[in-house]
Amino acid sequence: MFQESDIKLVPLQYVEVVIPLAVPGTFTYLVPDEFCKMVTIGCRVSVQFGKNKIYAGIVLKIHNHIPEYRTKPILAVLDEFPMVYPQQLGFWEWMSQYYACYLGEVMNAALPIGLKLSSETKVIVNEFFDGDISLLTSKELAITDALSQYGELTIQQISKILNQQKVIHIIRGLIDKKVVAISEEMEYRYRPKVEEFITISEPYCLSELQLSELLDQLNEKKQTYKQMLTLMGFVKLCNGDYGKEILKSELLKEFECSPSSVASLIRKNIFVSTRKQVSRLKQLHTDFVSEEVVYSAPQIKAVHEMSKAFSSKDTILLHGVTGSGKTEIYIHFIKAAVDRGEQVLYLLPEIALTGQIVERLQCYFGNQVGVYHSKFNEFEQVEIWECRA
């Protein structure tokens with residue numbers, strides 16, 4: 001016999017989701033049990049919105065308050081870690097109120113395009129599907145048969161197969177039965193940049209004598225002469241560090257080596273090729289540090305008055321003509337904020353000014369300076385977004 005004390009009711013979990021559309025408010029979705037430990041505030045979730053549209057929304061809140069209406073479940077959790085920080089979500093809400101626009105519009109403008117779902121969501125066979133179709137309906141069987149033939153289907157394709165508009169509830173049933181899954185990989189526009197690196201294998205990277213003998217051997221035959229030149233180019237790029245990794249593209253460009261020569265050296269186990277994900281972003285200079293700023297009397301007065309004003313005000317207007325030394329004053333307060341563990345957003349009126357300002361800021365803050373503007377392509381914007389401190 002079960003005792004009443006043996007029964008434990010687990011509260012249902014719900015999330016408030018921001019949809020990247022010009023619609024008011026947030027939308028409540030049920031979190032299925034398998035996603036409860038994965039959902040965090042600021043992560044993206046795949047949700048059905050409308051009859052047959054699927055969007056990537058941002059989780060704004062997590063709660064256990066049961067709504068008075070029937071809620072749809074989230075379809076998938078797209079991020080292992082939050083994509084948007086709580087401070088950013090708070091900033092989005094402030095912008096929505098201040099500029100009298102919808103929160104979804106702010107989200108749509110704020111997120112890089114590479115972090116948004118592609119226009120058509122893909123449905124694929126669940127990797128854990130055991131092949132048991134005995135409990136499937138005729139429409140579910142039709143979708144499963146089509147997937148076995150094509151591998152993946154869009155929502156629109158499934159609608160055509162079943163000859164009906166409303167298909168999300170059928171797909172949801174297949175997801176619950178562990179037959180299909182939403183193809184998250186297909187939903188991302190972003191693709192990491194991968195480069196091929198070349199290293200020289202042992203024992204040649206450890207012994208200059210054996211490396212020299214190898215060069216002589218390659219030079220003796222006409223058919224391996226180009227391979228010898230390629231190996232010489234690699235040695236020059238290494239600059240004495242023979243264990244160094246060299247970009248294949250750099251080797252081909254610098255010494256006009258042929259790809260076939262590199263491939264031949266790889267087949268002979270002289271070169272070792274590895275492919276690695278690399279950043280699209282240019283590294284900032286960190287090999288210089290400026291001297292301490294020597295402030296003029298007007299600058300000292302401005303710093304003193306601003307410090308006093310910040311004790312009672314959040315916003316201050318610093319007025320000065322071009323060349324009057326405003327940037328040095330900004331740097332003073334930026335450094336104070338960074339020393340407190342805070343972040344600073346430095347806004348410029350146009351992209352053309354970015355170069356000269358960034359160079360000056362690098363003198364004081366090095367790689368702590370991050371640059372973000374619309375001239376970066378969509379993949380660069382994603383990498384900048386993901387390397388936020």
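## Exercises on a predicted model

The second largest pocket holds about 930 Å³ of space. This is a predicted model, where local features need pLDDT of at least 70 and side-chain atom pairs count only at pLDDT 80 or more, while totals for chains, interfaces and linings use all residues. Residues are numbered from 1 along each chain as its sequence is written, and side-chain values use heavy atoms, leaving out hydrogens and water.

**Exercise 1.** Find which residues are closest to the centre of the second largest pocket, and which helix gives the largest share of its lining.

*Solution.* Start with the term: on a 1 Å grid over the protein atoms alone, a pocket is an open set of points where a 1.4 Å probe fits, with protein on both sides within 12 Å along at least five of seven lines, and lining residues have an atom within 4 Å of a point. The volume is the space filled by probe spheres set on the points, which are joined across faces, edges and corners.
Next, look at the centre: of the 20 lining residues, Phe310, Asp314, Ile316, Val344 and Leu345 are the closest to it.
Then turn to the helices (DSSP runs of H or I, at least four residues). Both α10 (297-310) and α11 (326-339) supply at least two lining residues, and α11 gives the largest share, with five residues.

**Exercise 2.** Work out how strand β9 is paired, and decide whether β9 is largely enclosed or open.

*Solution.* A strand is a DSSP run of E with at least two residues, and two strands pair if DSSP finds at least two bridges between them.
First, β9 pairs with β11 (residues 271-278) in the antiparallel sense, over eight bridges. Valine 194 has glutamine 277 of β11 as its bridge partner.
Second, β9 also pairs antiparallel with β10 (residues 246-247), over two bridges; here isoleucine 198 is opposite isoleucine 246.
Finally, six of the eight residues of β9 (residues 193-200) are buried (under 20% relative accessible area, 1.4 Å probe, protein chains only), so β9 is largely enclosed by the rest of the structure.

**Exercise 3.** Locate asparagine 163 and lysine 178, and say what sign their phi values have.

*Solution.* Recall that most residues other than glycine have a negative phi.
Asparagine 163 has a positive phi, near 55 degrees, and sits in the loop between α4 (155-162) and α5 (168-176). At 70% relative accessibility, asparagine 163 is exposed (over 50%).
Lysine 178 has a positive phi too, of about 60 degrees, and belongs to the loop between α5 and β8 (180-182). With 43%, lysine 178 is partly exposed (between 20% and 50%).
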